[in-house]
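Let's take a friendly walk through a protein model, one strand and one side-chain pair at a time. Keep the picture open while you read.

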Amino acid sequence: MLRIPAALAVLGLTAVTLVACSSAPASSSASSSCERVDSDTTVLDLIETDGEFGKPSMTVQPPLYVDETVHADEKVGTGTRVTSEQQDVAFTVTVARGATGETITTETLAPQTIAKWRNNLPGFADMMMCATEGSRIVGAVPASTGMSPNQAQNLGIGDGEALAVTLDLTKVYLPAADGAPQYNDRRGMPSVVLAPGGRPGLVIPSGSAPDQRVVETLKKGDGAVVDDIAAARVHVLAVEWDSKTVTESTWEDGASRTVTSGDVFADAVQGATVGSQLMVVDPGAAADGQRATVYVVDILGIDDPAPAAATR
């Protein structure tokens, strides 16, 4: 049977504990119909981009100054759209000094949430919001929102200066599993309940954990098949069955992670599809002091191979 909705789960089970509660705040997100609109400005005419996708370069006609971030999509990708601040993104970016046109850096950045970019370099977050994977974005940002104060000081960039930016959005990960709900009929299993943003919680029954390992597919995604677990990017919720203690929550930590060979759920992820949500109940080994644990794993995407060293 399908895992029952949260309200029915709470009413229908006499001794349950809701952990990683689904009533926790949903992730900050834009509408699923997130509208992408190019900035109405001629400033971007001063930036000419070049290079194959993933290896952007540009020529800037100085001086270039802006008071706020402006951007336009030079190429519109067809991949996953950024609709949530909690989505991980990976990109390659070239940054030049607007006052002189001098290229400062070209870097390939590891996956990180839009929210973290907004906290550190909000100009980059503004450029990517509502964009799609595979897009090349040209923009101009105030230096104060495109680099840290230490970077600006080291480069001799003063207040009021601007940066020219070409950003290739190479990867956009799902904010949560979005696959089709699946039919499961094993009795005595925990129920997964979801917050509006897709963050899971667990309702664990009062009975004993199963004495054999159980793997269920709660949602089946229609994305790529995982053939290398080390490249699979996931959100994980892990809860001890008896104590109802959360032992891991990437949702709480605010950062997804990749799967390791030591993860109890690694073999379940192997061969699964992006967008799937899995539940793995591991009975543990009492003799070794291991307790029964429930894992809820959302498969968000597959990392690209490690990039070559950045050029500066």
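Which residue in β6 is the bridge partner of Ala-96? It is Thr-103. Before following that pair any further, keep in mind that you're looking at a predicted model.

**The overall picture**

The protein has 312 residues, and 49% of them are buried. Its chain forms 7 helices and 17 strands. If you take the contacts between residues at least 6 apart in sequence, 76% of them join residues at least 24 apart. The accessible surface adds up to about 14800 Å², and carbon and sulfur atoms account for 48% of that.

**Strand β5 and its neighbours**

Now back to the strand that holds Ala-96. How many of the residues in β5 are buried? The strand covers residues 88-97, and 10 of its 10 residues are buried.

Here's a handy rule: in a regular strand, side chains alternate between the two faces of the sheet. You can follow both faces of β5 in the model. One side carries Asp-88, Ala-90, Thr-92, Thr-94 and Ala-96, while the other carries Val-89, Phe-91, Val-93, Val-95 and Arg-97, and every one of these is buried.

What sits beside β5? One partner is β6 (residues 103-113), which pairs with β5 in the antiparallel sense over 8 bridges. The two strands make a hairpin with 5 residues between them. In that turn you'll find Gly-101, which has a positive phi of about 85°.

Strand β8 is another partner: it runs antiparallel to β5 and is joined to it by 9 bridges. Two spots are easy to look up here. Arg-97 stands opposite Leu-163 of β8, and Val-95 stands opposite Val-165 of β8.

Zoom out, and these strands belong to an open sheet of 5 strands with antiparallel pairing, in the order β4-β7-β8-β5-β6. Which strands are at the edges? They are β4 (70-75) and β6, each pairing on one side only. From one strand to the next, the twist averages 25°.

**Charged pairs**

Side chains of opposite charge can pair when their charged atoms come close. This structure holds 12 salt bridges, and the table shows some of them.

| Pair | Distance, N to O |
|---|---|
| Lys-171 and Asp-304 | 3.4 Å |
| Arg-291 and Glu-240 | 3.3 Å |
| Arg-257 and Asp-263 | 2.9 Å |

Start with the salt bridge between Lys-171 and Asp-304. Lys-171 is in strand β8 (residues 162-172) and Asp-304 is in the segment after β17 (293-302), so this pair ties together parts that are 133 residues apart in sequence. Are the two partners buried or exposed? Lys-171 counts as buried because its relative accessibility is 14%, whereas Asp-304, at 42%, counts as partly exposed.

Next come Arg-291 and Glu-240, which also meet in a salt bridge. This pair links distant parts of the chain, 51 residues apart: Arg-291 is in the loop between β16 (277-282) and β17, and Glu-240 is in strand β13 (residues 232-240). Arg-291 is exposed, with a relative accessible area of 55%, but Glu-240 is buried at 17% relative accessibility.

For the salt bridge between Arg-257 and Asp-263, both partners are buried. Salt bridges can share partners too, and that is how Glu-85, Arg-118 and Asp-126 are joined into one network.

**Aromatic rings**

To describe a pair of aromatic rings, you give the distance of the centres and the angle of the planes. How many aromatic pairs does the structure hold? There are 4.

One of them is the tilted pair of Trp-117 and Phe-124, at 5.9 Å centre to centre with 45° between the planes. Both rings belong to buried residues: Trp-117 has a relative accessible area of 8%, and Phe-124 has 4%.

Another tilted pair is Phe-265 and Tyr-295, with 5.6 Å centre to centre and 55° between the planes. Phe-265 is in the loop between β15 (257-258) and α7 (266-269), and Tyr-295 is in strand β17, so the pair ties together parts 30 residues apart in sequence. Phe-265 and Tyr-295 are both buried.

Finally, remember Phe-91 from one face of β5? Ring pairs link Phe-91 with Trp-117 and Phe-124 into a cluster.

Notes: Residues are numbered from 1 along each chain as its sequence is written. This is a predicted model: local features need pLDDT of at least 70, side-chain atom pairs count only at pLDDT 80 or more; totals for chains, interfaces and linings use all residues. Side-chain values use heavy atoms; hydrogens and water are left out. A salt bridge is a side-chain nitrogen of Lys or Arg within 4 Å of a carboxyl oxygen of Asp or Glu. Helices (H or I, at least four residues) and strands (E, at least two) are DSSP runs, numbered from the N terminus. Buried means under 20% relative accessible area, exposed over 50%, partly exposed in between (1.4 Å probe, protein chains only). Contact means heavy atoms within 4.5 Å. Accessible areas come from the Shrake-Rupley method with a 1.4 Å probe; for residues, only the protein chains shown count as cover. Two strands pair if DSSP finds at least two bridges between them. Axes are lines fitted to C-alpha atoms, for helices over the stretch in contact, and angles run from 0 to 180 degrees between N-to-C directions. Rings of Phe, Tyr and Trp (its six-membered ring) pair if their centres lie within 6.5 Å; planes under 30 degrees apart count as stacked, over 60 as edge-to-face and the rest as tilted.
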